[in-house]
Amino acid sequence: MQVRRAGLSDIPAIKALYHHLFAAMERLEPEIMRDVEQDESFLRETIEGEKGDVLLAVEGERPLGFALVRQEKTPPYLCMVPHEFCFLLDLSVAPEARNRGVGTALLKAVKTWGRERGLDYVELNVFTKNEGAKRLYLREGFESRTETLQYWI
């Protein structure tokens, strides 16, 4: 298995992997998530742009999973220490490739991506109910810094 930057020709495979991610998120949080097809123009802009990438785990030519990352800045509030950081928007591993180290390899590539750009840290959001993802992130050294609370009206 290797992890490489995705190219435009990888978009169909990435969209198929997004289907697994969106279906799982809809099962976990049906009030706020739905299983839809990922927007191809968003993927194209990320792959072609300077501030983001899709890192694709492959075995031969077979896609196993991906991580979509973007370079971000902290909000310009005077009380916040300014940082540039790597934001991990999405990570998905094909169901048949789970528990084989694909997620760990993708996170390693995400950390390297951030280091190569001189960024300060990697940040991500994870649903509270997504126990498998939380175990992976905690095992890989991530720690909880904030919580998002919702009140439905």
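Colleague: Is Asn130 buried or exposed, and how should such a label be read?

Modeller: The label rests on relative accessible area, and a residue counts as buried when that value is under 20%. In this predicted model, Asn130 has a relative accessible area of 18%, so Asn130 is buried.

Colleague: Where is the place of Asn130, and which residues is Asn130 in contact with, leaving aside its neighbours within four places in sequence?

Modeller: Asn130 belongs to the loop that lies between strand E5 (122–124) and helix H4 (131–139). Once the neighbours within four places in sequence are set aside, Asn130 is in contact with Met25 and Leu28.

Colleague: I should now like to read the sheet. In what order do the five strands stand?

Modeller: A sheet is read from strand to strand across its pairings. Here the order is E1-E2-E3-E4-E5, in an open sheet of five strands with mixed pairing. Strand E1 (2–5) and E5 stand at the edges and have a single partner strand each, so one side of each lacks a neighbour in the sheet. From one strand to the next, the twist averages 30°.

Colleague: How many bridges join strand E2 to strand E3, and how many join E3 to E4?

Modeller: Strand E2 (residues 52–59) and strand E3 (residues 62–73) run antiparallel and are joined by eight bridges. Within this part of the sheet, Leu55 stands opposite Ala67 in E3. E3 and E4 also run antiparallel, with nine bridges between them; Arg70 has Phe87 in E4 as its bridge partner.

Colleague: Do E4 and E5 pair in the parallel or the antiparallel sense?

Modeller: Their pairing is in the parallel sense, over three bridges. Leu88 has its bridge partner in E5, namely Leu124.

Colleague: Is E4 mostly covered or mostly uncovered?

Modeller: For a strand, one may ask how many of its residues are buried. E4 is mostly covered, as eight of its ten residues are buried.

Colleague: Which strands does helix H1 lie across, and which does helix H2 lie across?

Modeller: Helix H1 (residues 11–28) lies across E2, E3 and strand E4 (84–93), and its direction is at about 85° to E3. Helix H2 (residues 40–48) lies across E2, E3 and E4, at about 95° to E2.

Colleague: At roughly what angle do the axes of H1 and H2 cross?

Modeller: They cross at roughly 120° and come within 11 Å. Angles of 65 to 115 degrees count as roughly perpendicular and those over 145 as roughly antiparallel, so H1 is oblique to H2. The crossing of these helices is right-handed. On the H1 side the contact is made by Ile11, Ile14, Lys15 and Tyr18, and on the H2 side by Glu40, Phe42, Leu43, Arg44 and Ile47. Sorted by class, the contact of H1 with H2 has six nonpolar, no polar and three charged residues.

Colleague: How should the packing of H3 and H4 be read, and what is the angle between them?

Modeller: The reading follows the pattern just used: angle, then handedness, then residues. Helix H3 (residues 102–116) and H4 pack at about 50°, and their axes are 11 Å apart. H3 is therefore oblique to H4. H3 passes H4 in a right-handed crossing. Gly103, Thr104 and Leu107 of H3 make the contact with Leu136, Tyr137 and Arg139 of H4. By class, the contact of H3 with H4 has three nonpolar, two polar and one charged residues.

Technical notes
Residues are numbered from 1 along each chain as its sequence is written. This is a predicted model: local features need pLDDT of at least 70, side-chain atom pairs count only at pLDDT 80 or more; totals for chains, interfaces and linings use all residues. Side-chain values use heavy atoms; hydrogens and water are left out. Helices (H or I, at least four residues) and strands (E, at least two) are DSSP runs, numbered from the N terminus. Buried means under 20% relative accessible area, exposed over 50%, partly exposed in between (1.4 Å probe, protein chains only). Contact means heavy atoms within 4.5 Å. Two strands pair if DSSP finds at least two bridges between them. Axes are lines fitted to C-alpha atoms, for helices over the stretch in contact, and angles run from 0 to 180 degrees between N-to-C directions. Angles under 35 degrees count as roughly parallel, over 145 as roughly antiparallel, 65 to 115 as roughly perpendicular and the rest as oblique. A crossing is left-handed if the near helix is turned anticlockwise from the far one by less than a right angle, and right-handed if clockwise. Ala, Val, Leu, Ile, Met, Phe, Trp, Tyr, Cys and Pro count as nonpolar, Asp, Glu, Lys and Arg as charged, and the others, Gly among them, as polar.
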